Amino acid sequence: MSEAAELNPPSELAGFRIGVTSHRRADELIGGLERRGAQVLRAPALRLATRDDVDAVVAETRAVLALDPDVVLVTTGYGLRRWLETADGAGLGDDLRALLGRTRLAVRGNKAKGQVRALELPDPVGATPETMAEVVSDLLAEGVSGLRVGVQLHGLTDVHEVDRLRSAGARVLTVAPYRWESADQAGRLADLVRQVCDHRLDAVTFAAAPAVDAVLALAEELGRRDDFIAALNSGVAAVAIGPVCAAPLEAAGVTPFVPDRFRQGAMVKLLASEVARTVGVRAETSRGEVIVRSAGAIVGEVFVPLSPAQVAIMKTLAERPGAVVSRPALLAETSGLGTEHALEMAISRLRRALPLPIIETVLRRGYRLAP
């Protein structure tokens, strides 16, 4: 082992290839991952966009002002800001602030609560639910029959939750200050779906529930939804920024990792700790532990970048530690080689790349990791 390797142990996410589906603040997330050694595939699914039909938002605002609601449900901090900016542009800002200052505010999540405080509006009382369903359930538990309710929507019309309020006797009007639109460029999102299905990524991060829906819909369109979900349940970690984002993954049968604090920094720390410990193929050899990830392997406490074919060979051997793997079996798991001669050349180059002699040839039978 070189002196440099001894002085510089691998970063927590060395060898990880991580797909990032967020658009807003993606640079911050990607920077945090790359500083910890990860390679990142940037494939934004959706982005927030102001509504083109500003007149419709203004009309919705006028209707809410005329309703003079008993409760206003604030679902996102960004949405509240956009609503006030649009109202200001139409000369309704003072009226809207006065309404928000005198009515009861029910907020979804700490970001919305923080925005309420930043605007010096009345601080919401009690706990802060993380989902719109929880906010609505709390209101229903109190009784909403005859109540006037205004709802600031979060980019998508949450028909089910609005209908729950109306079915219980509330009079509900909604405002949608922004919308979601596709942020996919040059087919990056389709590439991400395929790489997940082929286990060429170690993890995928999601920062918004609509983005999860968009990725699952694209996987369906590509005819690979089942493969995509199976991969997220067997080797590719799904990481959601919070329970709202996790919900559509859970509905699809995937159990994602979720940080305790619903922030990008906490998501990076989760990836660098719990996810890093559980994702990847690990094997014990006579020369120490081997950890194989999508972009390389850690051998003898040294990270070695590897080609996709070399990673496939290492994963196949590490999944059967000490067992002999035949050449045909290795070829079946390694796309792009084709012949046993090409496999032998790939293993020869792999041996030269590794810091320790851990791949053994078993005459006329195949290869194995040193037992």
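Which residues lie nearest the centre of the second largest pocket? Hold on to that one for a moment, everyone, and thanks for coming. Just so we are clear from the start, what you see above is a predicted model.

Right, the answer: Asp198, His199, Arg200, Val311 and Lys315 lie nearest the centre, out of a lining of 36 residues. The elements that give two or more residues to that lining are β10, residues 237–240, and α14, residues 308–318. Of the elements, α14 gives the most, with six residues. The space in this second largest pocket comes to about 790 Å³. If you like to sort by chemistry, its lining divides into 17 nonpolar, eleven polar and eight charged residues.

Let's stay with α14, since we have met it already. This helix packs against α16, residues 340–353, at an angle of about 85°, and their axes are 10 Å apart. That angle makes α14 roughly perpendicular to α16. On the α14 side, the contact uses Gln310, Ile313 and Met314; across from them in α16 sit Leu343, Ala346, Ile347, Arg349 and Leu350. By class, that contact has six nonpolar residues, one polar and one charged.

Now to β10, our other acquaintance from that pocket. Strand β10 belongs to an open sheet of four strands, in the order β2-β1-β9-β10, with parallel pairing. Both β2, residues 39–42, and β10 are edge strands, each pairing on one side only. From one strand to the next, the twist averages 25°. Inside the sheet, β1 (residues 17–20) and β9 (residues 203–206) pair in the parallel sense over three bridges. If you want a spot to click on, Ile18 stands opposite Ala203 in β9.

What packs on this sheet? Helix α13, residues 264–278, touches β1, β9 and β10, and its direction makes about 150° with that of β10. Then there is α12, which lies across β9 and β10 and runs at about 145° to β10.

There is a second open sheet, again of four strands, with the order β5-β4-β6-β7 and parallel pairing. Its edges are β5 (104–107) and β7 (171–175); each has a single partner strand, so one side of each is left without a neighbour in the sheet. Neighbouring strands here are turned by 20° against each other on average, ignoring direction. In the middle, β4, residues 71–74, pairs with β6, residues 148–152, in the parallel sense over four bridges. There, Val72 has Gly150 of β6 as its bridge partner. Helix α3, residues 54–67, packs on this sheet and touches β6 and β7, with its direction at about 150° to that of β7.

I have kept the largest pocket for the end. Its volume is about 1,200 Å³. Which residues are closest to its centre? They are Arg108, Ala207, Ala208, Ala209 and Val244, from the 46 that line the pocket. Quite a few elements give two or more residues to that lining: β3 (46–50), α4 (77–89), α6 (109–118), α7 (132–142), β8 (178–182), α10 (209–221) and α12 (243–251). You will recognise α12 from a minute ago, lying across β9 and β10. By class, the lining has 21 nonpolar, 14 polar and eleven charged residues.

That's my tour. Do turn the model around while we talk, and I'm happy to go back to any part of it.

Note on methods: Residues are numbered from 1 along each chain as its sequence is written. This is a predicted model: local features need pLDDT of at least 70, side-chain atom pairs count only at pLDDT 80 or more; totals for chains, interfaces and linings use all residues. Side-chain values use heavy atoms; hydrogens and water are left out. On a 1 Å grid over the protein atoms alone, a cavity is a set of points where a 1.4 Å probe fits but cannot get out, and a pocket is an open set with protein on both sides within 12 Å along at least five of seven lines; lining residues have an atom within 4 Å of a point. Grid points are joined across faces, edges and corners, and a volume is the space filled by probe spheres set on the points. Ala, Val, Leu, Ile, Met, Phe, Trp, Tyr, Cys and Pro count as nonpolar, Asp, Glu, Lys and Arg as charged, and the others, Gly among them, as polar. Two strands pair if DSSP finds at least two bridges between them. Axes are lines fitted to C-alpha atoms, for helices over the stretch in contact, and angles run from 0 to 180 degrees between N-to-C directions. Contact means heavy atoms within 4.5 Å. Angles under 35 degrees count as roughly parallel, over 145 as roughly antiparallel, 65 to 115 as roughly perpendicular and the rest as oblique.
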